[in-house]
Amino acid sequence: MAERAALEELVKLQGERVRGLKQQKASAELIEEEVAKLLKLKAQLGPDESKQKFVLKTPKDFDIAGNFDPMIPDAECLKIMCEILSSLQIGDFLVKVNDRRILDGMFAICGVSDSKFRTICSSVDKLDKVSWEEVKNEMVGEKGLAPEVADRIGDYVQQHGGVSLVEQLLQDPKLSQNKQALEGLGDLKLLFEYLTLFGIDDKISFDLSLARGLDYYTGVIYEAVLLQTPAQAGEEPLGVGSVAAGGRYDGLVGMFDPKGRKVPCVGLSIGVERIFSIVEQRLEALEEKIRTTETQVLVASAQKKLLEERLKLVSELWDAGIKAELLYKKNPKLLNQLQYCEEAGIPLVAIIGEQELKDGVIKLRSVTSREEVDVRREDLVEEIKRRTGQPLCIC
C-alpha cells in the first residue's frame, strides 16, 4: 500500500508538471518528454484493484487476437478528416501520413540508438518548417548524432509521394529487411487502396518526415496542413502549423485493463483554435467584421415611446422567418442602436419613427453603406429577404 501511495503521489506531481508546462507554453519537445514520463508512471501504477472494475469492450467485428482489417478504421478517420476540413472552407489542404513502425525501422537501419529516438524524431518533425541542412545541424551539433547517420536519415526523410513511394520502399534493400518497417509499409499500401476507393487519395501524401514523437502511437500517424497560397495585399502568411492530426494507438487503452489486453484504437482531433485563427486573419485581411450573431435585422426606433411599435414589428418579422432582434431598453438612443449593429455585424436596421408610422413605411438602413430607403410596411419582409438572400415568398 505504501509503495502504491508513493507512486500515486509521483503521478500527481508529474501531472502538475505537465499542466504547468502547457500553461507556460513550453516547447513541444519538452512537453512530450514529460507526458511520456507521466504515461510511464501510470503504467507502473497499474489499476487500483480496490476500486470497481470495468470491462473494456471492442466493436463486435473486432477481435483482440487481431483477426480484423486494421486499415479500414484508419481510412475512415482520414475520410472524416477530409470531409470536415472541406466543409470548413478554409482553403486547400494536404493530409500527410506515415507509420510509427516505418520510423522505428528507418532509424534502426540508419544507426540511431534507442536512447536518441525521441530527440531525433523531434528534429525530423521540423522539416516542414526549416531546411534539411538546419535539421541536420541540429541533430549533429546539438544532439550528438554522427554525421554519416544523419546523412542516411536524410536520404529517407526528404522523400514524399503516394502509393508508388510505398512500393518503392518495399523494394529498398535495407528497409525491406526490417520487420517493423515492412509491416508498416504493407499496411500503408493497403491504406492507400482504401483511400482510393473513398476518393480522397489525391488529398493524402506519404511523407517520411512526419514524425509525431508521442510514445503511444503504434501504427499509422497523420496530420493535415493548409497549402500556402500567394499572400493577398495586406494579408500575412499563415503560420499556424497543422490543423488536424491523429493516428493509431493500440497499446494505450489496454494500460487501464487489469488483464493488459490489447485494445485496437485509432482517432483524430481537429485544431479548433488554429482554425479560428485562420478565419479571423482572413477576415481581417478582407477588412470584414467577424459576426457574433446570426441576426439579419435590428428593429430600432428614432424617437422615444415607441417600444410597443418595435415589439409589433419584430414579432411580424419573426413570424415571417426573419432573424430579427431589438434592444431591451425602453427608449434607446438611435446612435447606440446603430453602433450595436456595427459591432455585432448585423447588416440591416429597420427604423421606426413617428413620421414613418404616419406614412405607413419603415426606413431600412444598410449598416455598411449607411444608405437608407423607405419601404412600405407590407413589402418589408420581401425586401429584407431579397437583401439577405433568403427565398422569396411566391403567393
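The exercises below, each with a worked solution, concern the pocket, the sheet and the confidence of a predicted model.

**Exercise 1.** Describe the lining of the largest pocket and determine between which domains the pocket lies.

*Solution.* Begin with the extent of the largest pocket, which holds about 1,200 Å³ of space and is lined by 35 residues, with Ala28, Glu32, Arg212, Ser242 and Arg274 nearest its centre. Next, sort the lining by residue class, which gives 15 nonpolar, seven polar and 13 charged residues. Then turn to the elements that each supply at least two lining residues, namely α1 (2-23), α2 (28-45), β5 (244-248), β6 (266-270) and α10 (272-285); α2 gives the most, with eight residues. Finally, since domain 1 (1-49) and domain 2 (59-284) both contribute residues to this lining, the pocket lies between them.

**Exercise 2.** Work out which strands stand at the edges of the open sheet, and examine how β4 is joined to β5.

*Solution.* Write down the order of the six strands, β2-β3-β1-β4-β5-β6, in which the pairing is mixed. β2 (160-161) and β6 are the edge strands, and each has a single partner strand, so one side of each is left without a neighbour in the sheet. Within the sheet, β4 (residues 220-226) runs antiparallel to β5 and is joined to it by four bridges, with Glu223 standing opposite Ala245 in β5.

**Exercise 3.** Identify the residues over which pLDDT stays under 50, and set them against the average for the protein.

*Solution.* Take the overall values to begin with: the average pLDDT is 86, and 87% of the residues score at least 70. Residues 230-237, however, stay under 50, and for them the model has five contacts beyond four places in sequence.

Methods
Residues are numbered from 1 along each chain as its sequence is written. This is a predicted model: local features need pLDDT of at least 70, side-chain atom pairs count only at pLDDT 80 or more; totals for chains, interfaces and linings use all residues. Side-chain values use heavy atoms; hydrogens and water are left out. On a 1 Å grid over the protein atoms alone, a cavity is a set of points where a 1.4 Å probe fits but cannot get out, and a pocket is an open set with protein on both sides within 12 Å along at least five of seven lines; lining residues have an atom within 4 Å of a point. Grid points are joined across faces, edges and corners, and a volume is the space filled by probe spheres set on the points. Ala, Val, Leu, Ile, Met, Phe, Trp, Tyr, Cys and Pro count as nonpolar, Asp, Glu, Lys and Arg as charged, and the others, Gly among them, as polar. Domain bounds come from an automatic or database domain assignment. pLDDT is the predictor's confidence in each residue, from 0 to 100. Contact means heavy atoms within 4.5 Å. Two strands pair if DSSP finds at least two bridges between them.
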